[in-house]
Every structure is written in structure tokens, then in C-alpha cells.
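Consider how a chain can be described from its contacts, its core and its charged pairs. The sequence and structure come next, followed by a short walk through them.

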Amino acid sequence: MKNIFTWMYSAALLWVSMSAMAQSGKSVQGMLRDTESRVIAGASVSLTSDQDSLGTSASQAGIFTFSGVKADTFTVKVSSLGFELFEQTFTFKQGQQRMVIPSFELKGIENMLEEVVVNGVVT
């Protein structure tokens, strides 16, 4: 009976350590702003590489975060309605586990309408 408990304890310990290793990895964080330094919330952000394909959206503060990044070199793509597509490649330095990317400045699309107001009287 004691051998069964020892075996079960060892198996559980092995499973927990393997889960921790699978979840470990590098992390990437960045912020999105427009050309007037206003925060861009809700933009779609993707991180792709030969080992990763991750996606998220920017928070209300314009911040995005990726955890568990496996590759050393990756590409970040940002898309948001009213802004040009942004794409840039980054590389982790030797031994670096966390990367904080300086603010991305997204350029607005010139011919996008801000708003349309129609005033009229129903006759």
C-alpha cells in the first residue's frame, strides 16, 4: 500500500513539473498609440513565428501582452479599424525572458470618415 502512495505522489509531482515547464516561456508586452499619442484600445494584435501563433487584443489602456512565447525571433502585427496595418519583427537578446516593446505609433487612414451628421426635417 505504501508503494502505491509513493508511486502516485511521484506521478503527481512529475505531472506538475511538466505542466510548469510547458507554461514557461518568454513574455512580450507593448502599447498602442496613434500619431497624436492617444491610446488605441481594442486593436487586434498577433504574434507569429515558426514556433508560435498567438493572438490577443489591446486593453482599454492600449496594452497587449503575450505569455509563453517560444521563439527568439517573432513578428507582431496590429490591425484596427481606421488605422494602417502595422507589422514589425523583433528578436529576444541572449538570455532575455521578457520584452517590453516601446509604444507602437499607428497611422490613421487619411480617407476614413470620422463621423457623418445628417440634419433634416421630415416633411
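**Contacts, core and salt bridges**

Among contacts (heavy atoms within 4.5 Å) between residues at least 6 apart in sequence, 52% join residues at least 24 apart. The model is predicted: local features need pLDDT of at least 70, side-chain atom pairs count only at pLDDT 80 or more, and totals for chains, interfaces and linings use all residues. Residues are numbered from 1 along each chain as its sequence is written, and side-chain values use heavy atoms, leaving out hydrogens and water.

The chain has one helix and eight strands, where helices (H or I, at least four residues) and strands (E, at least two) are DSSP runs numbered from the N terminus. Along the sequence the order is α-β-β-β-β-β-β-β-β.

Of the 123 residues, 24% are buried (under 20% relative accessible area; exposed is over 50%, partly exposed in between; 1.4 Å probe, protein chains only). The largest nonpolar core (buried Ala, Val, Leu, Ile, Met, Phe, Trp, Tyr and Cys joined through side-chain atoms within 4.5 Å) holds 20 residues, and Phe104 is among those touching the most other members. Strands giving two or more residues to this core include β1 (26–34), β5 (73–79) and β8 (104–106). Beyond four places in sequence, the contacts of Phe104 include Leu32, Val76 and Val78.

Three salt bridges are found (side-chain nitrogen of Lys or Arg within 4 Å of a carboxyl oxygen of Asp or Glu). Lys26 and Asp72 pair at 2.8 Å, N to O. Lys26 lies in strand β1 and Asp72 in the loop between β4 and β5, so the pair ties together parts 46 residues apart in sequence. Arg38 bridges to Asp34 at 2.8 Å and to Glu36 at 3.4 Å, which joins Asp34, Glu36 and Arg38 into one network.
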